[in-house]
Amino acid sequence: MKQPLQTSIWSFRDVRLVLPARALSSAGDSIALIALMLRVSEYGGPGTMTALLLAFAVPTVVMIPFAGRIVDSHDSRTVLVSASLVQASAGIGLAFGDGLAETLVLVCLLQVGTAVSGPAWAALIPRIVGEDLVGRTTGTSQALVGVATLAGAAVGGVLVAWSGDRGALLVDATTFLVLAVVARLVVTRRRPERGVVPEPGAMTAGLRGIFSDALLRILVPCLWMFVLAGEAVNVVEVYLITGELGLDAAGYGGVVAVQGAGAIAGAWLTGRLVGAITRSRAVLAGMAAIGVACVLMGLANGVVTLLIGSVTVGFGSGLLNAAVGTLVVTRSAEAVRGRVVAALNGTARACSLFALVLGGLLGALLGTRMTFVACGAACGVAAAAAAVPVLRVKGLETNDSAQKVLSH
C-alpha cells in the first residue's frame, strides 16, 4: 500500500493509537529504570548495578535468533498482545518482589517481551501507513518516545519518593496493559503467508537480510563501531560533568536533559527526510556530529561548551537512530522484517555491552577527558570509513523493499 507523502500520519486511526501508547510505555520504562536502580543500589556497589544493566541487555542479545522468527511466523496481534502481557506480568512481579535475584530474573523476563515487541511494532508500521510514510512515522515515534522518556525520568524520582518503588513499578506495569489493549484494538495486522515453508537457516535470516543489501551491509557494521566508541563515553560522562567541570547533581540532570532534547529534535528532523540517499547521509552526519561533539566535550573548559557538545551528541543520536531504523525497515523484504529488526537491535545491544567494558578500560588508562577525545575521534573515523562506500552505492532509491522480490 502506497500513500502520498502529503498525507498526515495522524490521519491513520492505528497511528493515533500506537504512537501515543508506545510513548506512554517508554515513560513507564523510564520511571521503572529509576526505581530499579534505586532498589538495586541498596544491595551493594557497582557490581550489583552492573548485574542490573546486564539483565536489561543480555536477553535482547540472546533473543536475536528467536524474537524475529516469532514476529515473522505469527499473527502480529497475537504476538503484540502476548508480549505486552508478559511485560505487564513481569512489571507486577517486580512491584511485589524485592530480592536481588528475583529482581534480576524478572527484569530478564521483561526484556524478553521487549525483544519480541520491538521488532513486531517496527514490522507492522509499514502495513499501517504504507512504505512511503515509514520514515516520517519512525521519526515522529522516536521524537515522542524521547519526550516521554524525559518526562518519565523527571517523574520517576518523585514517584519513588512519594509511593516507593512499588508504586513506580505498578505504573510501568499499567502502561504495558494499556499497550496490550491498544495492540488488540489495532485493525492492521501482519500475518505470515500461508503455505510458505521456512527456508533452512531461518534463525539467521535477520543477519543475512542485513548483509544482502548493498547499503545496510556498509552502514550497520559502521553503526556497531559507533556504538562501541560512542557509548563507551557513557561510563565516564558523570565524572566529566561532576568531577572535571564541578557541576552538582542538578547540573548533571540538566546536561542529560539537554542531550535528550537534542535527540528529540534529531529524530523529528529525520522523519522529514525522504529517500535512501538522504537517510544514509543523515546516518553519516549523525556519526560525524557525535564524534566532533565528544571531542568538544572532552576539551570543554566551561558549562557552555559542555552544553553545546551535549545537545550535539543528542541531535546526532536522534538523526542516526531514526535514519537507521527507517532504512532497515524499508530496505528489508516484508517477510523477514521482524528478523532483520531483531538482528539489528540485538547486535547493537551486544555492542553496548562491550562498550561498557571498553569505557571502563579507557577511563582507567586515558582518564576522563582523553576518553571523550579518543572515542570522538573513533566516531569520526567510522563516519569517514562509511562515507566513501556509501556514496558509491548505485541505485539506492530502487532497492527499497517495495521494489524487492526476495525469497522467504
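1. Is Glu334 buried, partly exposed or exposed in this predicted model? With a relative accessible area of 25%, Glu334 counts as partly exposed, because buried would require under 20% and exposed over 50%. The answer is a useful way into the structure, since Glu334 belongs to a network of salt bridges that also holds Asp72, Arg127, Arg190 and Arg339, joined through the partners they share.

2. Before going further into that network, a word on confidence in the prediction. The protein chain has a mean pLDDT of 84, and 91% of its residues reach 70 or more. Among the elements of the chain, the highest mean pLDDT, 94, belongs to helix α4 (residues 76-96), while the lowest, 81, belongs to helix α9 (residues 234-244). Two stretches call for caution: over residues 1-5 the pLDDT is below 50, although this stretch has 18 contacts in the model beyond near neighbours in sequence, and over residues 401-408 the pLDDT is likewise below 50, with 20 such contacts. Where pLDDT is low, the predicted coordinates should not be read in detail.

3. Returning to the charged residues, the model contains 11 salt bridges. Side chains of opposite charge can pair when their charged atoms come close. In the pair formed by Arg190 and Asp72, the closest N and O atoms are 2.8 Å apart. Arg190 sits in the loop between α6 and α7, whereas Asp72 sits in helix α3 (residues 64-73), so this salt bridge ties together parts of the chain that are 118 residues apart in sequence. Arg190 is buried, with a relative accessible area of 4%, and Asp72 is buried too, with a relative accessible area of 5%.

4. Asp72 also forms a salt bridge with Arg339, and here the closest N and O atoms are 2.8 Å apart. Because Asp72 lies in helix α3 and Arg339 in helix α13, the pair ties together parts that are 267 residues apart in sequence. Both of these residues, Asp72 and Arg339, are buried. Glu334, for its part, pairs with Arg190, the closest N and O atoms being 2.7 Å apart. Glu334 is in the loop between α12 and α13 and Arg190 in the loop between α6 and α7, so this salt bridge links parts that are 144 residues apart in sequence.

5. The nonpolar interior deserves a point of its own. The largest nonpolar core has 58 residues, of which Phe226, Val283, Leu306 and Leu320 touch the most other members. The elements giving two or more residues to this core are α7 (205-211), α8 (216-232), α9, α11 (276-299), α12 (303-330), α13 (337-366) and α14, and α8 gives the most, with 11 residues. Leu306, leaving aside its neighbours within four places in sequence, is in contact with Leu240, Ile241, Leu245, Leu247, Val255, Met297 and Ala300. Another core lies apart from this one and has 28 residues, including Val79, Ala115, Val116 and Ala183.

6. Two buried residues may serve as local examples. Val160 lies in helix α6 (residues 134-185) and counts as buried because its relative accessibility is 16%, which is under the 20% cut-off. Not counting residues up to four places away in sequence, Val160 touches Ala35, Leu38, Asp165 and Ala168. One of these, Leu38, is 122 residues from Val160 along the chain, yet the C-alpha atoms of the two are separated by 8.8 Å. Thr368, placed in helix α14 (residues 368-392), likewise counts as buried, at 15% relative accessibility. Beyond its neighbours within four places in sequence, Thr368 is in contact with Val236, Tyr239, Leu240 and Glu244.

7. On the outside of the model, Leu53, Leu356, Val357, Leu361, Leu365, Leu366 and Met370 make a nonpolar surface patch of about 660 Å². The largest share of this patch, 5 residues, comes from α13, the helix in which Leu361 is found.

Definitions and conventions. Residues are numbered from 1 along each chain as its sequence is written. This is a predicted model: local features need pLDDT of at least 70, side-chain atom pairs count only at pLDDT 80 or more; totals for chains, interfaces and linings use all residues. Side-chain values use heavy atoms; hydrogens and water are left out. Helices (H or I, at least four residues) and strands (E, at least two) are DSSP runs, numbered from the N terminus. Buried means under 20% relative accessible area, exposed over 50%, partly exposed in between (1.4 Å probe, protein chains only). Contact means heavy atoms within 4.5 Å. pLDDT is the predictor's confidence in each residue, from 0 to 100. A nonpolar core is a set of buried Ala, Val, Leu, Ile, Met, Phe, Trp, Tyr and Cys residues joined through side-chain atoms within 4.5 Å. Patches are made of residues with over 30% relative accessible area and no salt bridge: like charges are joined within 9 Å, nonpolar side chains (Val, Leu, Ile, Met, Phe, Trp, Tyr) within 5 Å. Accessible areas come from the Shrake-Rupley method with a 1.4 Å probe; for residues, only the protein chains shown count as cover. A salt bridge is a side-chain nitrogen of Lys or Arg within 4 Å of a carboxyl oxygen of Asp or Glu.
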